[in-house]
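Me: Please consider the following structure. I should like to discuss its fold, its cores and its unusual backbone positions.

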Amino acid sequence: MPMSLPDVTVDQSHATPVVAIIGGGFTGAACAYHLAGKLAGGAAGIVVFEPRSVLGGGLAYDTDERAHRINVPASRMTLVPEDGDHFQRWLESSGALADDPDAITPDGHAFARRFAFGRYVADSLAPLVASGAIEHRRSRVRALTGSPAGLWNIAAEDGSVLEADIVVLATTHPSPQPPAAVDRVLAGHAGYVPDATVPGALSGIGVEDRVLIVGTGLTAADVIATLDAGGHRGLITAVSRRGLRSRGHNLSAQEPFGDFLDPPACSARALLRRVRNTLAEAQAAGVSWHAVFDRLRGQGGDIWRASPVAERRRLVRFLRPYWDVHRFRIAPQLEAVIDRRLANGTLAFHAAAILDVNRSEDGGIVVDFRARHGREPFQLRVDSVVITTGPGHASVLSSQPFLESLAEAGDLQPDAVGLGIAVDAQSRAIRAGGDAAETLYVAGPLARGTFGELMGLPQVTEHAVFVAENVAQTVRAVRARNRI
């Protein structure tokens, strides 16, 4: 049922169409930036709801952790797809690397701290905010409901209500969903960290603590680097079902290798076979696996869209973990920390499933595992357990009250693959009845059930531009209808 609204100040009068973007992390900021460029001259009001003090940081880039770095060289990151050096120039002109001597690798690649990229995005949007082309409302959205007139009523936590013609959902990922057996036993334990992305989540871990990390991907690498930077010396054990950890970069110049579209590999089995054959060909040609996955990344959207839903599900279920560790690589600085700790015996990776969790009488935690591939079960005694299993995609529509109310009203539904929200080819939300909501868009990773790989920054940027163009066309249609 729609949420009842308190006595508030309602902004219902606008001479031009209003576009509300909910979420001001990178995706929302990029949408606003490019939409402002496409609607120059005040063709629409652009309002971004984001509680943080600046736009562009979000979950990924609003971090004070100095050990957290961008995962690709600065030369490959940009807010402006047609200007690949946009971020690199900002780094040079802003002096952001002046106090970061470790940012530059021996071969000259810059892996800046992650908050530097957030500052870059914020600086890029600042003139648009200052001029009024973009309005930044520092509040979370509490409720979002459609009106009989076809508009959207947005109630914010600060008590304001905005009436918008068009809404773009650019919200963050849902929080991780810890394994139920772990959460049930450890909830409230001083050493339990159910969400490692929360600021200060690791502050209670002592330098000698034995730490279990559940998950072995990018977030696990961040946790290891953060603990190490804080002087941690105890044993860290990272566990996942397959025991796969994120790989590093080959920064030597290589062209993407192989072809997965001639003809398209439209089944999980066919794609796996093609990848294996191409990897063998690359090795014979003296080319690293990185070039094969670079080609696969470039063609991935076309492969995904050509694949039936059943095959998309199989890709997610069986092959996604292998894709993630090869596609989403870690900075050389993080890789060096992991390699050093593996070498000195203070870090271990295991492929195993959790069988049982118990609190010990001395305040510690005892975890029993079943090793993969039929190996003997084993047990760990640890002081802390940190969950890094990634976003809980299955709970996306219940992760925020306004999303839940939209789903209850039939305006949103989960995608058929289980990665986010169902959208059409224009990235408009698909209602429960199967029709598209013409003025409700979804931008960024929550749309990847339809568009495929929308986690890497280049793909997120391109999708933000795509959504901005579609929204701009809708604005023009609204203006024509209203004869503005």
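**Fold, cores and backbone**

Reply: The protein has 13 helices and 17 strands, where helices (H or I, at least four residues) and strands (E, at least two) are DSSP runs numbered from the N terminus. This is a predicted model, in which local features need pLDDT of at least 70, side-chain atom pairs count only at pLDDT 80 or more, and totals for chains, interfaces and linings use all residues. Residues are numbered from 1 along each chain as its sequence is written, and side-chain values use heavy atoms, with hydrogens and water left out.

Me: What radius of gyration does the protein have, and why does it agree with a compact globule?

Reply: The radius is taken over C-alpha atoms, and the globule rule is 2.2 Å times the number of residues to the power 0.38. For 484 residues this rule gives a value near 23 Å, so the protein agrees with it at 23 Å.

Me: Which helix supplies the largest share of the largest nonpolar core?

Reply: A nonpolar core is a set of buried Ala, Val, Leu, Ile, Met, Phe, Trp, Tyr and Cys residues joined through side-chain atoms within 4.5 Å; buried means under 20% relative accessible area, exposed over 50%, partly exposed in between (1.4 Å probe, protein chains only). The largest such core has 46 residues, and Val19, Phe117 and Val471 are among those with the most contacts inside it. Elements that each supply at least two of its residues include strand S2 (18–22), helix H4 (114–131) and helix H13 (457–482). The largest share, eight residues, comes from H13.

Me: Which residues of helix H13 (457–482) are in contact with valine 19?

Reply: Contact means heavy atoms within 4.5 Å. Leaving aside neighbours within four places in sequence, valine 19 touches Leu35, Ala44 and Ile166, among others, and also Val471 and Val475. Helix H13 spans 457–482, and the contacts of valine 19 in that range are Val471 and Val475.

Me: Where is the cis peptide bond that ends at proline 263?

Reply: Most peptide bonds are trans. Proline 263 is placed in the loop between strand S11 (236–240) and helix H7 (268–284). With omega near 0 degrees, the cis bond runs from aspartate 262 to proline 263.

Me: Is serine 427 buried or exposed?

Reply: Serine 427 lies in the loop between helix H11 (401–408) and strand S16 (428–430). Although not a glycine, serine 427 has a positive phi of about 70 degrees. Its relative accessibility is 0%, and therefore serine 427 counts as buried.
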